[in-house]
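Visitor: I would like a close look at one part of this protein, the surroundings of its ligand. Please set that part in the context of the whole chain.

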Amino acid sequence: MSAKLIKGAEVAKQIREELAAEVKSIKEKYGVEPGLVTILVGENPASQSYVRAKQKAAHELGFYSVQDNQPADISEDNLLALIDKYNKDPKIDGILVQLPLPKHINENKVLYAIDPGKDVDAFHPFNVGKLMIGQPDYLPCTPAGIQELLIRSGTETSGAEVVVVGRSNIVGKPIAVMMMQKGKGANATVTVCHTRTKDVQFHTKRADILIVAAGVTEYVKGDWIKPGAVVIDVGVNEVGQTADGKRILKGDVAFDEAKEVASAITPVPGGVGPMTITMLMKNTVRACKVHHKIKD
Ligand SMILES: Nc1nc(=O)c2c([nH]1)NC[C@@H]1CN(c3ccc(C(=O)N[C@@H](CCC(=O)O)C(=O)O)cc3)C=[N+]21
Ligand SMILES: [Mg+2]
């Protein structure tokens, strides 16, 4: 058996086409465009490459977009002042501060400083809290991308056993909350595994839907997966570079084994990653509509 590929890159392209049409019509009717600033501190090559991809997507959709690069030694106060500037800038609807930040900067302080209405990552405690009670204004991008892939691939989530491997604030915790809520692409029974889980395989083998955000290359093996399960691989591990300097990526799931057991699986690259960026664009369009009181 060989699993169906859930091609995030293709779904992402389709959603971006829908968004581009929406942006065009907002421009024509209201004379405004979604504005996104991505703030990058320092010169981490992986971060530079992600931010470049976000800027490219924003350009293609017709956004007003700003790339703000700051030196690695920027003071916390100056970074907070910069965020305040964008909080007050009426052309900016969404603010993204690329993580991780240098050690001398308190990440929480920075995330708390972003106006929750411009928090298109949905990392501010206000938005995290609203997600928890099932009243989100913005969904966090990677979990939103995962849920969209489950919906668009026709995966039944209602009553499904969902097992999440990983408990980060960016992926594991929010996707667990989203899958247990009432509503479309949700209503699941959720188990969360992490580094202290006694028997991870016991849990993964029970999963109808297995979501892996462990941060460990090829952590989940084929025989950890229930035959017919749907596997969502959130890992983006750089394992080397090609001769021309391109990153070689592997997921958190041993793909070649897993595809023989699962009924459907996301590839890495070309799975969850492109969806993450697309959901960021979707949140920014939504922010623009809220800021300009535009109804759907
Ligand atoms: N404030 C903030 N928000 C984020 O959303 C955020 C962040 N910080 N820091 C880092 C992580 C990571 N992340 C990814 C986005 C896209 C791909 C992606 O598009 N991956 C492509 C491959 C990209 C490549 O070739 O390098 C793929 O999987 O096909 C991956 C990872 C967003 N993050
Ligand atoms: Mg605007």
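Into which domains is the protein divided?

Guide: Start with the frame. This is a predicted model. The protein is divided into domain 1, residues 31–117, and domain 2, residues 141–274. Their centres, taken over C-alpha atoms, lie 28 Å apart.

The protein has 10 helices and 11 strands. Its radius of gyration is 19 Å, close to the 19 Å that the globule rule gives for 296 residues, so the protein is as compact as a globular protein of that length. The C-alpha trace spans about 50 × 40 × 40 Å along its principal axes. Of the 296 residues, 44% are buried. Among contacts with a separation of 6 or more, 69% join residues 24 or more positions apart.

Now the ligand. The shell around ligand 1 holds 19 residues. Leu99, Pro269, Gly270, Gly273 and Thr276 come nearest. Four elements give two or more residues each to this shell: α2 (45–60), β4 (94–97), β10 (247–250) and α10 (272–291). The largest share comes from α10, with 4 residues. By class, the shell divides into 12 nonpolar, 5 polar and 2 charged residues. Both domains take part: domain 1 and domain 2 each supply at least three residues to the shell around ligand 1.

Next, the record. An unreviewed UniProt entry annotates residues 140–291 as "domain: Tetrahydrofolate dehydrogenase/cyclohydrolase NAD(P)-binding". Over residues 140–291, the chain is 33% helix and 19% strand. The end C-alpha atoms of that stretch are 19 Å apart.

The unreviewed UniProt entry also lists Gly166, Arg167, Ser168 and Val236 under "binding site". Take two of these in turn.

Arg167 sits in the loop between β5 (161–165) and α7 (172–180). It has 17 C-beta neighbours inside 10 Å, so Arg167 counts as partly exposed; the cut-off for buried is 20 or more. Leaving out residues up to four places away in sequence, Arg167 touches Gly172, Lys173, Val192 and His194. Of these, Gly172 is the residue at which α7 (172–180) begins.

Val236 lies in another loop, between β8 (230–233) and β9 (237–241). Its count is 21 C-beta neighbours inside 10 Å, so Val236 is classed as buried. Again setting aside residues up to four places away in sequence, Val236 touches Leu249, Val268 and Gly273. That list leads back to the ligand: Gly273 is among the residues that come nearest to ligand 1. Leu249 falls within β10 (247–250), one of the elements that give two or more residues to the shell.

One more loop residue rounds off the tour. Ala262 is found between α9 (255–258) and β11 (264–265). With 26 C-beta neighbours inside 10 Å, Ala262 counts as buried. Beyond its neighbours within four places in sequence, Ala262 is in contact with Ala3, Ile225, Ala229, Val230 and Val231. The pair Ala262 and Val231 is 31 residues apart in sequence. In space, their C-alpha atoms are 6.7 Å apart. Val231 itself belongs to β8 (230–233), the strand that leads into the loop of Val236.

Methods:
Residues are numbered from 1 along each chain as its sequence is written. Chains are lettered from A and ligands numbered from 1 in the order in which they are written. This is a predicted model: local features need pLDDT of at least 70, side-chain atom pairs count only at pLDDT 80 or more; totals for chains, interfaces and linings use all residues. A residue is near a molecule or strand if its C-beta atom, placed from the backbone, lies within 6 Å of it. Ala, Val, Leu, Ile, Met, Phe, Trp, Tyr, Cys and Pro count as nonpolar, Asp, Glu, Lys and Arg as charged, and the others, Gly among them, as polar. Domain bounds come from an automatic or database domain assignment. UniProt positions are given in the numbering used here, feature names are shortened, and annotations may be inferred rather than shown by experiment. The radius of gyration is taken over C-alpha atoms; the globule rule is 2.2 Å times the number of residues to the power 0.38. A residue is buried if 20 or more other C-beta atoms lie within 10 Å of its own, exposed if 12 or fewer, and partly exposed in between; C-beta atoms are placed from the backbone. Two residues are in contact if their C-beta atoms, placed from the backbone, lie within 7 Å.
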